[in-house]
Amino acid sequence: MTRRWILAVAGLALSACTSAPRDAGFSTISDTITDRSGITPAFVGETIPAEAARSRVDALLARPLTEESALEIAFLNNRAIAARLFELKAARGRLIEEGRPPNPFISGLVIDVQGEPATNYVASLGVDLLDLLFLPQRLRAAKAEFGAAQLRASAELVDFIADVRASFYEAIAARQLMELNEQAAKATRASALAASALFEAGNIAEIDLHREELLAAETELELRRARSAYLSQRERLAVALGLAVSDEPVLSLDGRLGPPPAEALDT
């Protein structure tokens with residue numbers, strides 16, 4: 001009977017070690033992210049060394065940013081991703097720890113008869129019976145906790161990808177709107193200068209001159225608003241990518257948004 005108990009405990013400990021994935025579940029999470037978002041993420045310290053990740057980020061920042069490169073930088077550089085990876089490793093460590101058999105204890109007894117030398121020694125090695133009885137329950141709870149950690153990580157990373165994509169295209173849209181306002185401001189400034197010359201020559205009324213000057217001032221105000229919105233979206237994108245303040249000014253965006261659909265969207 002004792003031998004069966006020992007074999008059962010050893011089997012539970014072995015199953016705990018074998019059931020804990022070596023990569024803390026990163027391969028499973030990567031498959032889930034690929035199925036839901038269409039990209040294959042890279043995890044620093046797991047699928048790519050830290051030094052190689054830094055070099056890759058520098059190389060990507062040296063070129064105009066695209067949607068694909070923005071997502072790659074975000075996974076290699078964002079601290080929130082790194083924190084999630086550490087949480088998964090911690091959950092895997094708890095799974096392994098809970099599956100280990102309890103630590104044994106040693107007890108000893110010395111029989112000392114008065115007047116006689118103490119020569120009778122009794123020593124024993126044992127474990128707490130309750131720890132053995134609750135080992136399967138602890139192991140099941142740790143497995144469930146690890147599985148929940150994987151699901152949370154997958155959901156958060158898929159949402160993170162959506163946020164990075166939204167930030168990238170919002171920055172592109174803000175840049176295009178700023179460029180459109182720049183063209184409008186140039187046109188209205190030129191129109192105001194022409195109206196001023198015509199007014200000096202006596203060819204238009206003063207109200208027409210003021211109308212052109214007001215239009216130029218309004219477009220200049222819209223241009224400043226568009227520039228402010230673009231800078232705000234760039235900063236939001238830089239935060240999503242995990243870039244430092246010193247890196248944000250060198251951020252260059254690539255691509256343009258296509259024309260809106262000809263037909264109204266069916267909501």
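These legends walk through several close-up views of a predicted model of one protein chain.

**Figure 1. The whole chain, to get your bearings.** This predicted model has a protein chain with eight helices and two strands. Follow the sequence along and you'll meet the elements in the pattern α-α-α-α-α-β-β-α-α-α. Of the chain's 267 residues, 30% count as buried. How much of the contact total in the protein chain, at a separation of 6 or more, comes from residues 24 or more positions apart? That share is 71%.

**Figure 2. Phe75 meets Phe160.** There are three aromatic pairs in the structure. One of them joins Phe75 and Phe160, an edge-to-face pair with 6.1 Å from centre to centre and 90° between the planes. This pair links distant parts of the chain, since Phe75 belongs to helix H4 (residues 67–77) and Phe160 to helix H7 (residues 135–200), 85 residues apart. Both rings sit inside the buried range: Phe75 has a relative accessible area of 4%, and Phe160 has one of 14%.

**Figure 3. Phe168 beside Tyr169.** Here's another of the ring pairs, this time between sequence neighbours Phe168 and Tyr169, with centres 5.2 Å apart. Why does this pair count as edge-to-face? The planes of Phe168 and Tyr169 stand at 80°, and anything over 60 degrees gets that label. Are Phe168 and Tyr169 buried or exposed? Phe168 is buried, at 3% relative accessible area, whereas Tyr169 is partly exposed, at 35%.

**Figure 4. Phe43 and its surroundings.** Phe43 sits in the loop between H2 and H3. With a relative accessible area of 1%, Phe43 is buried. Ring pairs tie Phe43 together with Phe75 and Phe160 in a cluster. Which residues does Phe43 touch, once those up to four places away in sequence are set aside? They are Phe26, Ile29, Ser30, Ile48, Phe75, Leu85 and Leu157. You can also look across from Phe43 to Ala53: the two are 10 residues apart along the chain, and their C-alpha atoms are separated by 9.0 Å.

**Figure 5. The largest pocket.** This view turns to empty space, and the largest pocket holds about 440 Å³ of it. Its lining is made up of 24 residues, with Val44, Ala53, Leu76, Asn77 and Ala82 lying nearest the centre. Which elements give two or more residues to that lining? They are helix H3 (50–61), H4 and helix H5 (79–99). Sorted by class, the lining has 14 nonpolar, four polar and six charged residues.

**Figure 6. The largest nonpolar core, with Leu65 in focus.** In soluble globular proteins, nonpolar side chains tend to be buried together. In this model, the largest nonpolar core has 48 residues, and Leu65 and Leu241 are the ones that touch the most other members. Helix H2 (26–37), H3, H4, H5, H7 and helix H8 (206–241) each put at least two residues into this core. H7 gives the most, with 16 residues. Zoom in on Leu65 and, leaving out residues up to four places away in sequence, you'll find it touching Ala70, Ile73, Phe168, Leu237, Leu241, Leu251, Ser252, Leu253 and Asp254.

**Figure 7. Gln233 and Asn181, on two helices.** Gln233 has its place in helix H8. Apart from residues up to four places away in sequence, Gln233 touches Glu170, Ala171 and Ala174. How far apart are Gln233 and Glu170 in space, C-alpha to C-alpha? The distance is 6.6 Å, although 63 residues separate Gln233 and Glu170 in sequence. Now for Asn181, which has its place in helix H7. Asn181 is in contact with Glu222, Leu223 and Ala226, again leaving aside neighbours within four places in sequence. Is Asn181 buried or exposed? Asn181 counts as buried because its relative accessible area is 14%, and the cut-off is under 20%.

**Figure 8. Ala194 and Leu209.** The last view shows Ala194, which lies in helix H7. Ala194 has a relative accessibility of 38%, so it counts as partly exposed. Leu209 is 15 residues away from Ala194 in sequence, and the two are 9.1 Å apart in space, C-alpha to C-alpha.

Conventions: Residues are numbered from 1 along each chain as its sequence is written. This is a predicted model: local features need pLDDT of at least 70, side-chain atom pairs count only at pLDDT 80 or more; totals for chains, interfaces and linings use all residues. Side-chain values use heavy atoms; hydrogens and water are left out. Rings of Phe, Tyr and Trp (its six-membered ring) pair if their centres lie within 6.5 Å; planes under 30 degrees apart count as stacked, over 60 as edge-to-face and the rest as tilted. Helices (H or I, at least four residues) and strands (E, at least two) are DSSP runs, numbered from the N terminus. Buried means under 20% relative accessible area, exposed over 50%, partly exposed in between (1.4 Å probe, protein chains only). On a 1 Å grid over the protein atoms alone, a cavity is a set of points where a 1.4 Å probe fits but cannot get out, and a pocket is an open set with protein on both sides within 12 Å along at least five of seven lines; lining residues have an atom within 4 Å of a point. Grid points are joined across faces, edges and corners, and a volume is the space filled by probe spheres set on the points. Ala, Val, Leu, Ile, Met, Phe, Trp, Tyr, Cys and Pro count as nonpolar, Asp, Glu, Lys and Arg as charged, and the others, Gly among them, as polar. A nonpolar core is a set of buried Ala, Val, Leu, Ile, Met, Phe, Trp, Tyr and Cys residues joined through side-chain atoms within 4.5 Å. Contact means heavy atoms within 4.5 Å.
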